[in-house]
Amino acid sequence: MVLSPIYDLYICRSQPSKMSEIIISKRKEKCENCTKQCNKKQSNDSANLLQDRGDGNEQLQEGFQLQLSACLSCDGCLSEEETLKISQQNLEAVQRVLLLNKVRCSAASEIRGSQCFLILSHAFSVIVSPSSLCQKCDVSKHKVLVASICPQSLPFFAVKFGLDVTEAAHKLCGFLKSLGVQYVFDTTLAAGFSILESQKEFIQRYRRKHHDSHALPMFTSSCPGWIRYSERVLGSLVTPHICTARSPQQIMGCLVKDYFSKQQLSPEKVYHVLVAPCFDKKLEAVREEFYNSLLETRDVDCVLTSGEIFYLMEQKKVSVEELDSVTLDQVLGEPGDMTLFRHEGRGSEGFLEHIFKHAAKELFGLDVHEITYKNLRNRDFQEVTLERDGETLLQFAAVYGFRNIQTLVHRMRKGRVPYQLVEVLSCTGGCLSGRGQTGSEAGARVDKALIQQMEEAYSSLPVHLPEVNPIIHTLYQDWLQGQDSLQATTLLHTQYRNQTLSHTQPPHMQW
C-alpha cells in the first residue's frame, strides 16, 4: 500500500494492508509551524506519491484536508528521540511481550531453525529468531498485560460487530484475553477523575480572574493534538491557560501503574496497553513527565488505535460469534456485571457540559439541567451561555478541528475571546471521529456513515455523573489520601510549557 510520509510514523508497522491511503495535498494550507522547507517537502512528497500511484487527478488532490494531528506528527516537528519512541507504539511491540509470556525456555529448546520461525510467525506475524527467543524467555522478564479501552473506541467495535456497546465490549474483552491480556478495563473511571479535577480548577481560576491575567479563559487538556500544538506552536499565548488536570488516558496510566499494580506486584512488571480512537494518544504516552526513570516504566506503555485492534482481529480471521463474552475488570472490587455508562456531551467525555453545570451551581447557585448549543461557524464551533435577568454569567465554547482552532487563536490574539472556558479538540466532530477508527478506504476523508452510527451507539449508553460515583470517592481516600492532598495534585495534574521551536518563524496564516 501507499503511505503518507506524515502518517507512516504511526501506522507503517501496525497496519500494512488495511490502513486508508492518505494523499498529501498541494494546496497551500499550512499551520503556523510550517516553514518554506516544510512546504517544499510536502509538495515533493505529493508529487512522488501521486506519480507512484499513477494518479494525476487534480480534483482528488484538492479534496484533501490537512489535519492538525498530521501536521504535528511530521518529521518537521518530531525529534529523533520522539520518532523512535512512537515507532515502538505498535502491534509488534505488544505481540513481542505476549510471546515472551507464552513461550518457555524448555519449549523453545525443542524448536530448531526454520521450524521455530514458521510457528511463531504464523501465530503472531512477528519475526523472532530461535536464539533471541531462548535469550529472552527468562521468566523474570514476563509482564502482566493490562489493557484499558477508551469509551469512544467501544462504539467503533459495536458498529463493526453489529452489537450494542456493552455486548461489543464483552466480545472485545474476550478477544484481548484470548491473546494473553490478563486484565481489561474501561477508562471511564479515569475520565471521571479528570472531569472532577477540571471542575475544581475552573472554579479556582474563575475566583482569581481579577488578579491573574492567565486565569481565564481556561482551555481543556484532554486532547494531545491540541496540547502539542499549544506547546510547540502557540507557546506562552496559550499554555498558561491550559487546565493542568491530566487527560483520562494518563490518569488511567496512574491508576494501573500506581494503584492497581501495587496491590499485587511492582509497576515495572505491568505492561499497560491503551486502546484509543486517535493516533495522537501515542504522542501523549511518550511524554517525559509520564515516565518513571527509577522503575524504567511508563504510565502507558503502548497505545493502539481501535483500527489497529480490528486489523489484528481480521488478520487472525476471528469470528465475533466464536468469541467468548467476558465482563470487563474493575480497578477496585471484583469483576461483575458492571454496567457501562458515559459522561455527558457529544462523545468526547463532555468536559464542557460537566464544568458548565458545576460552575453554574457552585458560583451562582443555579441548577442547569439542559444545555443548549448555539452554532457559530459550524457544528464544530459552538457556544453555551448562562444568563440571569438579562445578564450573561457564563459563556463557554466547544471548538473542534484545526480550522476552528485557528479562528479561536486569531480571536485570542486580538483580545476577542469572551469565553471563560473552551473545550478544544483537534479532530473535527470530536473524539469519536478520531482517525484511528474513522479512516475511509476512499482516501483522506473520514467515513461519515460510520461516525453517525458510532454517535448513535454512544448516545445509547446511560449517563452517570462522576460526582456520585462511589468508586471515585473511595479511591480519593484510599489511593490519594483525600481530594486536596499532595498525592492527588501529583498524580492527577501535570504542567504544560512553551516548547516552540527556535528556528520556526510562523508565516502569515492562510485558511
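This is a chat about a predicted model of one protein chain.

Biologist: Before we start, what kind of model is this, and which residues count for what?

Modeller: It's a predicted model, where local features need pLDDT of at least 70, side-chain atom pairs count only at pLDDT 80 or more, and totals for chains, interfaces and linings use all residues. Residues are numbered from 1 along each chain as its sequence is written, and side-chain values use heavy atoms, with hydrogens and water left out.

Biologist: Cool. How many helices and strands does the protein chain have?

Modeller: There are 22 helices and 13 strands. Both are DSSP runs numbered from the N terminus: helices are H or I with at least four residues, strands are E with at least two.

Biologist: And how much of the chain is buried?

Modeller: Buried residues make up 57% of the 511 residues. Buried means under 20% relative accessible area, exposed means over 50%, and partly exposed is in between (1.4 Å probe, protein chains only).

Biologist: What about the accessible surface of the whole chain?

Modeller: That comes to about 22,300 Å², and 48% of it belongs to carbon and sulfur atoms. The areas come from the Shrake-Rupley method with a 1.4 Å probe; for residues, only the protein chains shown count as cover.

Biologist: Let's zoom in. Where is V256 found?

Modeller: V256 is in helix α14, residues 248–260. It counts as buried because its relative accessibility is 0%.

Biologist: Which residues is V256 in contact with?

Modeller: Leaving aside neighbours within four places in sequence, V256 is in contact with V146, S148, F185, S261, V270 and H272. Contact means heavy atoms within 4.5 Å. As for V270, it sits 14 residues from V256 in sequence, and the two are 8.4 Å apart in space, C-alpha to C-alpha.

Biologist: Switching topic: how many salt bridges does the structure hold?

Modeller: It holds 18. A salt bridge is a side-chain nitrogen of Lys or Arg within 4 Å of a carboxyl oxygen of Asp or Glu.

Biologist: Which residue forms a salt bridge with K177?

Modeller: That's D329, with the closest N and O atoms 2.9 Å apart. The pair links distant parts of the chain, 152 residues apart: K177 is in helix α11 (residues 165–179), and D329 is in the loop between α16 (306–315) and α17 (351–364).

Biologist: Is D329 buried or exposed?

Modeller: D329 is buried, because its relative accessible area is 8%. K177 counts as partly exposed, at 27% relative accessibility.

Biologist: What about R207, which residue does that one bridge to?

Modeller: R207 forms a salt bridge with E362, and the closest N and O atoms are 3.8 Å apart. R207 lies in helix α12 (residues 188–207) and E362 in helix α17, so the pair ties together parts that are 155 residues apart in sequence. R207 counts as exposed at 52% relative accessibility, while E362 is partly exposed at 41%.

Biologist: And E308, what's its partner?

Modeller: E308 pairs with K282, the closest N and O atoms being 3.1 Å apart. E308 is in helix α16 and K282 in helix α15 (residues 280–285), 26 residues apart. Both E308 and K282 are buried.

Biologist: OK, helix α10 next. How many of its eight residues are buried?

Modeller: Six of them, so to speak the helix (residues 154–161) is mostly covered. The buried ones are L154, P155, F156, F157, A158 and F161.

Biologist: What do those buried residues pack against?

Modeller: They pack against β1 (144–149), α11, β4 (270–276), α16, α19 (435–438) and α20. After α10 comes G162, whose phi is positive, near 70 degrees.

Biologist: Any sheets? In which order do the five strands of the open sheet go?

Modeller: The order is β3-β11-β10-β9-β8, with mixed pairing. β3 (218–219) and β8 (374–378) stand at the edges with a single partner strand each, so one side of each has no neighbour in the sheet. Two strands pair if DSSP finds at least two bridges between them.

Biologist: How do β8 and β9 pair?

Modeller: In the antiparallel sense, over three bridges, with β9 spanning residues 381–388. N378 stands opposite F381 in β9.
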